[in-house]
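Grab your viewer and work through these exercises with the model open. Try each one before you read its solution.

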Amino acid sequence: MSDAVPSAWNLANVVTVLRIAVVPVFAVVLLADGGHTTSGRVLATGLFVLAAATDRVDGWLARRSNQVTDLGKMLDPIADKLLIGTALVLLSWLGDLPWWVPAVVLVRELGITVMRFFLLRYVVLPASRGGKLKTVLQSVAIPLFLLPLDRLPAFVTVVAWVAMVAAVVVTVVTGLDYVRTALRIRREARAAAPRGAATGRS
């Protein structure tokens with residue numbers, strides 16, 4: 001009996017799509033009333049944490065129900081990038097982060113996303129362990145910056161910056177590792193192509 005192919009629109013992927021849908025709501029809440037009210041910042045932080053937490057939920061659902069799909073592998077990192085990228089850009093626009101932080105992260109994230117699409121002819125490149133660590137660090141650092149830091153003890157700001165610097169460093173390192181992996185996959189695919197063609201000759 002052949003294994004049934006899981007539906008692309010299973011519960012895990014629906015959760016991922018809902019995470020994407022939360023992003024504009026999060027942006028509106030964060031920017032409301034100038035983006036510096038305590039209530040708005042706390043609510044925006046809650047929305048970000050809720051959305052980020054679903055990253056664990058959809059992965060767990062997919063593995064538990066044996067519904068891991070190529071669509072899910074593609075949508076999951078895209079959802080993460082939309083959420084994190086939006087948060088970083090808005091924090092920079094509000095003056096809470098220097099411009100280079102979202103610039104470095106977004107260049108890396110967009111570059112890896114484009115690279116993934118080019119690799120689709122060979123393989124679907126899922127998130128690596130390093131990539132998942134990067135997402136965890138970003139998901140810790142960003143909520144700290146979303147909080148109304150000017151109304152909190154000074155050590156919270158120090159912790160926020162330590163977490164953000166660590167997230168940026170891991171973001172760059174894992175980006176370089178993805179590039180190395182992509183080059184290896186492309187090199188191996190090109191090396192295998194002549195052999196495959198040769199075996200098909202009569």
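**Exercise 1.** What percentage of the 202 residues of the protein chain count as buried?

*Solution.* Start with the ground rules: this is a predicted model, where local features need pLDDT of at least 70 and side-chain atom pairs count only at pLDDT 80 or more, while totals for chains, interfaces and linings use all residues. Residues are numbered from 1 along each chain as its sequence is written, and side-chain values use heavy atoms, with hydrogens and water left out. Now apply the cut-offs: buried is under 20% relative accessible area, exposed is over 50%, and partly exposed is in between (1.4 Å probe, protein chains only). That puts 41% of the chain's 202 residues in the buried class. As for the surface, the chain exposes about 11500 Å² (Shrake-Rupley method, 1.4 Å probe), with 70% of that supplied by carbon and sulfur atoms.

**Exercise 2.** Work out the fold pattern and how the contacts spread along the sequence.

*Solution.* Count the DSSP runs, taking helices as H or I with at least four residues and strands as E with at least two, numbered from the N terminus. You get six helices and zero strands, so the pattern reads α-α-α-α-α-α. Next, take contacts (heavy atoms within 4.5 Å). Among those with a separation of 6 or more, 78% join residues 24 or more positions apart.

**Exercise 3.** Find the residues at the heart of the largest nonpolar core.

*Solution.* Build the cores from buried Ala, Val, Leu, Ile, Met, Phe, Trp, Tyr and Cys residues joined through side-chain atoms within 4.5 Å. The largest has 31 residues, and Phe26, Phe48, Leu88, Ile142 and Met164 touch the most other members. Two or more residues come from each of H1 (11–31), H2 (38–64), H3 (70–93), H4 (100–119), H5 (129–146) and H6 (154–199). H3 gives the most, with six residues. Zoom in on Phe26: leaving out residues up to four places away in sequence, it touches Ala44, Leu47, Phe48, Thr86, Ala87 and Leu146. Another core, of six residues, lies apart from the largest one and includes Ile112, Tyr178, Ala182 and Ile185.

**Exercise 4.** Is Val57 buried, partly exposed or exposed?

*Solution.* Locate Val57 in helix H2. Its relative accessibility is 37%, so Val57 is partly exposed. Then check Val15, 42 residues apart from Val57 along the chain: their C-alpha atoms are separated by 7.8 Å.

**Exercise 5.** Compare the record's annotation with the model.

*Solution.* An unreviewed UniProt entry marks residues 12–32, 78–94 and 155–179 as "transmembrane region". Residues 12–32 are 95% helix and 0% strand, with end C-alpha atoms 31 Å apart. For 78–94, the values are 94% helix, 0% strand and 24 Å.

Notes. UniProt positions renumbered as here; feature names shortened; annotations may be inferred.
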